[in-house]
Amino acid sequence: MQESITCVKVAGPGVGPGADEDREQMSTDELTGRVALVTGAASGLGRAVAATLAAAGATVALGDVDVAGAENTRKEVEAAGGRAEVVELDVTDDDARKQVVADLFERHGDGFDLLVNVAGIDRPGYVVDIDLADYRQVHAVNCEGPVFLTSEFLKRVQHRPADTLADVVHVTSLSAVTSGSGAIAYNSSKAAFRSATRCIQRELREKATVGSDGVEVPFPARVHSIVPAAMDTPMMERWGIPGHRMMPPTDVARMVLTVVTMPDTSFVPEVFVVPRNEPDFPR
């Protein structure tokens, strides 16, 4: 598999807090009949992704440890005419990961064919003072959790017929390719997640089989990677980035919809989504 990196520039000048509220949410039927698990769905990008997928016709399972926040997302989705259900999920808990995936397959069968790993946390700190427990927690949420949630999902779909296709989307961060002072936990966790995603993509490519007619049959799932720059979400508040240098999370949510509705003959190894007025890109 040849590595491919695409830069998609979105969010024009002046886009900042509240700008996504001015953008009309387009409803489609592209995902009708599909069930999606979105992690980190209680707020920020996870909420935006859930709303976007629901508007496209998907039934969305809202996974988060913040059940109250996920419930607010459900109300917003249903108020807009979408379908959603709240799923309590701690992505760092292996038993919880397995149980949630098993329950969704039991309730929705092969309709559950879409996983979007959004959940993430940040614990700032320099190498001389960062707390070990915080460092490990960031890696558990940002890398270990989504990798093993994807593992549970792929274990279920790997035996599906060759003419079916499941989608997984990994949302990493531009921090995966940058070096941030005071952000050693976050940057290193996202870099690890990005690398793990590439490994998974390579493994799925190698799991293709050859039918009796000599035609190659791909693995019945594809894993896409989205690398966003700064978004106007609650997690970014502590960094004091000017609003005009961030993009609304709906921009990235629309990219999620784009990759999961691509023809089944292709996938997106990696796509960067960056505000047009990001001062340090390309790097």
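Mentor: Quick definition before we start: a salt bridge here is a side-chain nitrogen of Lys or Arg within 4 Å of a carboxyl oxygen of Asp or Glu. Keep in mind that this is a predicted model.

Trainee: Okay, which residue forms a salt bridge with arginine 160?

Mentor: Look for a carboxyl oxygen within 4 Å of its side-chain nitrogen. The closest N and O atoms of the pair are 3.3 Å apart, so the cut-off is met. The partner is aspartate 110.

Trainee: And how many residues apart in sequence are the parts that this pair ties together?

Mentor: Arginine 160 sits in the loop between helix 4 and strand 6 (166-171). Aspartate 110 is in the loop between helix 3 and strand 5. So the pair ties together parts whose separation in sequence is 50 residues.

Trainee: Is aspartate 110 buried or exposed?

Mentor: Its partner, arginine 160, is buried, at 11% relative accessible area. Aspartate 110 has 54% relative accessibility, and the cut-off for exposed is over 50%. That makes aspartate 110 exposed.

Trainee: What about aspartate 113, which residue does it form a salt bridge with?

Mentor: Aspartate 113 is in strand 5, and its partner is in the loop between strand 1 (6-10) and strand 2, 79 residues apart. Aspartate 113 is buried at 10% relative accessible area, and the partner is buried too, at 14%. The closest N and O atoms are 3.0 Å apart, and the partner is arginine 34.

Trainee: Which residues are joined into one network by salt bridges that share partners?

Mentor: The whole structure has 14 salt bridges. Aspartate 113 and arginine 34 form one of them. The network joined through shared partners is Arg34, Asp113, Asp167 and Arg222.

Trainee: Why are lysine 98 and aspartate 94 separated by about one helical turn?

Mentor: These two form a salt bridge, with the closest N and O atoms 3.2 Å apart. Lysine 98 is partly exposed at 37%, and aspartate 94 is partly exposed at 31%. The separation is about one turn because, in helix 3 (residues 94-108), they are four residues apart.

Trainee: Moving inside, which helix gives the most to the largest nonpolar core?

Mentor: That core has 39 residues, and Val49, Leu53, Val116 and Ile226 touch the most other members. Valine 116 touches Val49 and Leu53, among others, and also Val256. With seven residues, the top contributor is helix 6 (residues 249-260).

Trainee: In strand 3, what is the bridge partner of alanine 36?

Mentor: Strand 2 (residues 35-39) and strand 3 run parallel, joined by five bridges. Five of the five residues of strand 2 are buried, and so are six of the six in strand 3 (residues 59-64). Threonine 39 has glycine 63 as its bridge partner, while for alanine 36 the partner is valine 60.

Trainee: Last one, out on the surface: is valine 128 buried or exposed?

Mentor: Valine 128 belongs to the loop between strand 5 (112-117) and helix 4 (132-157). With Tyr126, Val127 and Ile184, Val128 makes a nonpolar surface patch of about 430 Å². Its relative accessible area is 75%, so valine 128 is exposed.

Definitions and conventions:
Residues are numbered from 1 along each chain as its sequence is written. This is a predicted model: local features need pLDDT of at least 70, side-chain atom pairs count only at pLDDT 80 or more; totals for chains, interfaces and linings use all residues. Side-chain values use heavy atoms; hydrogens and water are left out. Patches are made of residues with over 30% relative accessible area and no salt bridge: like charges are joined within 9 Å, nonpolar side chains (Val, Leu, Ile, Met, Phe, Trp, Tyr) within 5 Å. Accessible areas come from the Shrake-Rupley method with a 1.4 Å probe; for residues, only the protein chains shown count as cover. Helices (H or I, at least four residues) and strands (E, at least two) are DSSP runs, numbered from the N terminus. Buried means under 20% relative accessible area, exposed over 50%, partly exposed in between (1.4 Å probe, protein chains only). A nonpolar core is a set of buried Ala, Val, Leu, Ile, Met, Phe, Trp, Tyr and Cys residues joined through side-chain atoms within 4.5 Å. Contact means heavy atoms within 4.5 Å. Two strands pair if DSSP finds at least two bridges between them. Lists of a residue's contacts leave out its neighbours within four places in sequence.
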